[in-house]
Amino acid sequence: MKPFRTLILSLFALLGVVSCQTQAQEEDNNLKLWYDRPASKWVEALPIGNGRLGAMVFGTPGTERLQLNEETVWAGQPNNNNYAEAKQHLPEVRRLLFEHKWKEAMTFVDEKIFPSTKKGFNQGMPYQPVGDLNITFEGHDSVQNYYRELDLNTAIATTRYTIDGVEYTRECFTPIGGTVIAMRITASKRNKLTFKAELSSPHKNVLCGYGSNMDFKTESGLNMRGVTGDHEGLEGKVRFAALVEIIDNQRKWHRTNSGGGGLGSAYSVVTNTNSATIFISIATNFVDYKTLDGDEYQKAKDYLGEAVAKGYDQLKKEHIANYQRYFNRVSLDLGTTDSIKKPTDQRILEFAKANDPQLAALYFQFGRYLLISSSQPGGQPATLQGIWNDMLSPPWDSKYTTNINAEMNYWHAENTNLAELHEPFIKMVKEVAQTGAATAETMYGARGWVMHHNTDIWRVTAPVDYAFPGMWPSGEAWFSEHLWERYLYNGDKTYLADVYPTMKGAAQFLLDFMVEEPENHYLVIAPSNSPENGFPPDGTSNSYGVAMDIELTFELFSNVIKASEILGIDQAFADSLKVARDKLPPLKIGQHSQLQEWFYDWDNPNDHHRHVSPLYALYPSYMISPYRTPELFDAARNFLNYRGDPATGWSMGWKVCLWARFQDGNRAYKLITDQLKLSDSQLTDFKGGGTYPNMFDAHPPFQIDGNFGCTAGIAEMLMQSHDGAVHILPALPDVWEKGCMKGLRARGGFLIEDIEWEDRRLKSVKIKSAIGGNLRLRSSWALTAANPLQVAVGTNPNPLFALPETPNPQISEKATLKEPGVKPVYEYDIATEAGKEYEFKSLIESAASTAEPENQ
């Protein structure tokens, strides 16, 4: 076999490996959502945004609608919903739980622990729209050659059609790094463009008008000022201003005929030109979650002045450059078929039965596009709907649901090379650590900080809604996981020192809040729940010692212990965490061979609930592995099989990630086909998820976390780095026979510059080390490189890949478990230097052969 390998290596040296650069460039030309008809529903309109501003572009010929959002337009005002009387009732609710009086305990929590509207407390505030800019074109009802698109390469939405030999084009974008929404409308012949632009808002307290938006000598433009709504007894105090400037490009002036004004709307008319530019500026009095003393009108005026001074062409040039600085870092080519010739909604409809690999690549990149558009440094994190919302009272208030959805929005931030866009979420974690400290002390008499299952722009942290979903005091642990994960990707100790106090505070709260249960004397979180699920016989949710709480606590304590060691601080505190960690209940494998969700073996194999909370340990965490914890691995797989595939859109996105971690590419791909199922329902449905015509995820209704989760899952199918090594193509589905991926990031500061495969086999991989250190490379195919490769032995010496040992599970006597059944792998250790690239090529033999990996 050795001479044959030498021959193969010689061929590689002579021929090299074909780069996927060319294929990636060709793939970029296909990164468009396009349609042959206008949007008739909000979930058919195309989203644009720059983190602070967002718009939905409908593309209707007769009346264009731009539905407008600004990230700080929320109902209410700075507040907290902490309920001081809760503290005195904790002992009683715990007594009821430990006596297994589950229903009584949950009723008691509702009555005595929860801050409710009856007691004068709110349940969090809704994110709200600004309003609409409607642009009416008389006589444009019957058109030919209609086309609209969202180009992911440029983040520009375009509408085009023809009337009587005149081609009309509308181009709209929200400059990344800019301050306005910009639109240009053109006609191919002079004097053929006439329209009326009208600004309106659904808010009650709104005044619209027209006049001098800036220091122009001529009167021009539209303006609107308003105040957000009251909600659950809390007065709305966010003031907003929207200014619109319309420029007649043919005549080079800002004068328009205007009218209306007062309550409701105002309009401007442009007549007999061939080109017009529209700038929309929106600002609020929001300064931070505690302060509302900004000058919204002056800010909007300054933003608008800056944009008009630059001009449309310069804004567009800067926008494309700033956007592509993020977007072009990653490319994915899975091949194309004739399906790309069809409109996007038709492709979604046919995806499950069609051969359309490029749609999966488009969906992956759309998830990255949405994060770039809805989460920019210095701003607010993406909400349940990103930055796009047309309702005063949107589903679940379009706030931050923190028992998975808010976190899921950022699962792909680090690995798909959008690390800067993680910053708004990291900032929010620090802010809720401040407000959550008051909640911890006021409601529970505990140190540190707590986060329940929802927050909003005011960073409320007390429980909301009611006991069934809301009595979940573990959000601080999940939030802290993001702080630690970011460190594993960048290895920056200065950053770690900055976030360490927040991580420590989360651990302090759990140390104080946990109590011993009387049966085995384990430390448990009580009361709590397994997010939004109930247990037999009557569907009660409040209990103690649920699997997800054990996992979150073990992970948090382990991460803080490790951070303390890296920073050389807080040894005594770390030691106290070690003692408490040893007293946590073990994870359990129940009578149905499943990873047990509850403290007791209550799991029902026919439970198809959308939340699969016990599998947190598999994804996004590191606790379950086919190599380190084979029994838990199989039990987790059994659990997910019982749950089934169909679910809400976001749940299926999570399941793509999970099946990728199970290294089952075909099952992960099947979930992608389930998620990319065309949906047109905007009614709440907990079983019928899919994808809307505009590629928004359908819970239904729209929730953006499904988009983000599936993007993260596709990345996990092609590269993983959570389990002690950088694993290349761990879950490649059969349908993706050939392809290439460029630009993913791995933990340890590694950039995966190229992965190329053909005939379902790895061809080559190129990796760049940002900070140096050991690269442990895992592959199902034997690899070679310019220098001999060292076969890995023992634990990865790179501290950014260090993993705590997961305790052995408690296994039911009725359980029957199987081997993990994953492919055998080769593992190599490469000592890397910061800034250097390393290229590896696949040998013919697969790790599935009987031959042992050689030290090459």
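# A selection tour of the model

In strand S31, Leu777 is the bridge partner of Val726. This is a predicted model. Start with that pair selected.

**Stop 1: the mixed sheet**

Extend the selection to the two strands. S26 covers residues 726-728 and S31 covers residues 773-779. They run parallel, joined by 2 bridges. Now bring in the rest of the sheet. It is an open one of 5 strands, ordered S25-S26-S31-S35-S33, with mixed pairing. Which strands stand at the edges? Select 719-720 for S25 and 790-791 for S33. Each has a single partner strand, so one side of each is left without a neighbour in the sheet.

**Stop 2: the antiparallel sheet**

Next, show the open sheet of 9 strands. Its order is S1-S6-S7-S8-S9-S16-S13-S12-S11, and the pairing is antiparallel. The edge strands are S1 (32-35) and S11 (206-210), each pairing on one side only. From one strand to the next, the twist averages 10°.

Zoom in on the S11 edge. S11 pairs with S12 (residues 222-227) in the antiparallel sense, over 5 bridges. Pick Gly209, then its bridge partner in S12, Asn223.

Now select 296-310, helix H5. This helix lies across S12, S13 (239-248) and S16 (275-284). Against S16, H5 runs at about 150°.

**Stop 3: a hairpin**

Move to residues 46-49, strand S2. Turn on side chains. In a regular strand the side chains alternate between the two faces of the sheet. Leu46 and Ile48 point one way from S2, and Pro47 and Gly49 point the other way. Are these four buried or exposed? All are buried.

Add strand S3, residues 53-57. S2 and S3 pair in the antiparallel sense over 4 bridges. Ile48 stands opposite Ala55 in S3. The hairpin has 3 residues between the strands, and Gly51 takes a positive phi near 90° there.

**Stop 4: Ser374**

Keep Gly51 on screen and add Ser374; the two are in contact. Ser374 belongs to helix H8, residues 357-374. With a relative accessible area of 1%, Ser374 falls under the 20% cut-off and is therefore buried. Its side chain reaches the backbone oxygen of Leu370 at 2.7 Å. Beyond its neighbours within four places in sequence, Ser374 is in contact with further residues, including Gln380, Pro381, Ala382, Gly386, Ile387, Trp388 and Phe708.

**Stop 5: two positive phi values**

Follow the chain on from H8. Select Trp396 and Asp397. Both lie in the loop between H8 and strand S18 (400-401). Most residues other than glycine have a negative phi, and most peptide bonds are trans. Trp396 has a positive phi of about 55°, and Asp397 has a positive phi of about 65°. Neither is a glycine. Which is buried, and which is partly exposed? Trp396 is partly exposed, at 34% relative accessibility. Asp397 is buried, with a relative accessible area of 14%.

**Stop 6: an exposed helix position**

Jump to helix H10, residues 423-444, and pick Gln434. Gln434 counts as exposed because its relative accessibility is 56%, over the 50% cut-off. Draw a C-alpha distance from Gln434 to Arg459. The model gives 8.9 Å for a pair 25 residues apart in sequence.

**Stop 7: the cavities**

Switch to a cavity view. Rolling a probe the size of a water molecule over the atoms shows where empty space is left. How many cavities of 30 Å³ or more does a search of the whole structure find? There are 6. The largest has a volume of about 160 Å³. Its lining holds 14 residues, and the closest to its centre are Trp411, Glu481, Glu485, Tyr619 and Arg747. Helix H12 (residues 475-490) gives the largest share of that lining, 4 residues.

**Stop 8: cis peptide bonds**

Stay on Tyr619, one of the lining residues just named. The peptide bond from Tyr619 to Pro620 is cis, with omega near 15°. Pro620 sits in the loop between strand S22 (588-589) and helix H16 (630-643).

End at Ala526 and Pro527. A cis peptide bond joins them, and omega is about 0°. The loop holding Pro527 lies between strand S21 (523-524) and helix H14 (547-567).

Methods. Residues are numbered from 1 along each chain as its sequence is written. This is a predicted model: local features need pLDDT of at least 70, side-chain atom pairs count only at pLDDT 80 or more; totals for chains, interfaces and linings use all residues. Side-chain values use heavy atoms; hydrogens and water are left out. Buried means under 20% relative accessible area, exposed over 50%, partly exposed in between (1.4 Å probe, protein chains only). A polar contact is a pair of N or O atoms within 3.5 Å; within protein, one must be able to donate a hydrogen and the other to accept it, and residues adjacent in sequence count only if both atoms are side-chain atoms. Contact means heavy atoms within 4.5 Å. Two strands pair if DSSP finds at least two bridges between them. Axes are lines fitted to C-alpha atoms, for helices over the stretch in contact, and angles run from 0 to 180 degrees between N-to-C directions. On a 1 Å grid over the protein atoms alone, a cavity is a set of points where a 1.4 Å probe fits but cannot get out, and a pocket is an open set with protein on both sides within 12 Å along at least five of seven lines; lining residues have an atom within 4 Å of a point. Grid points are joined across faces, edges and corners, and a volume is the space filled by probe spheres set on the points.
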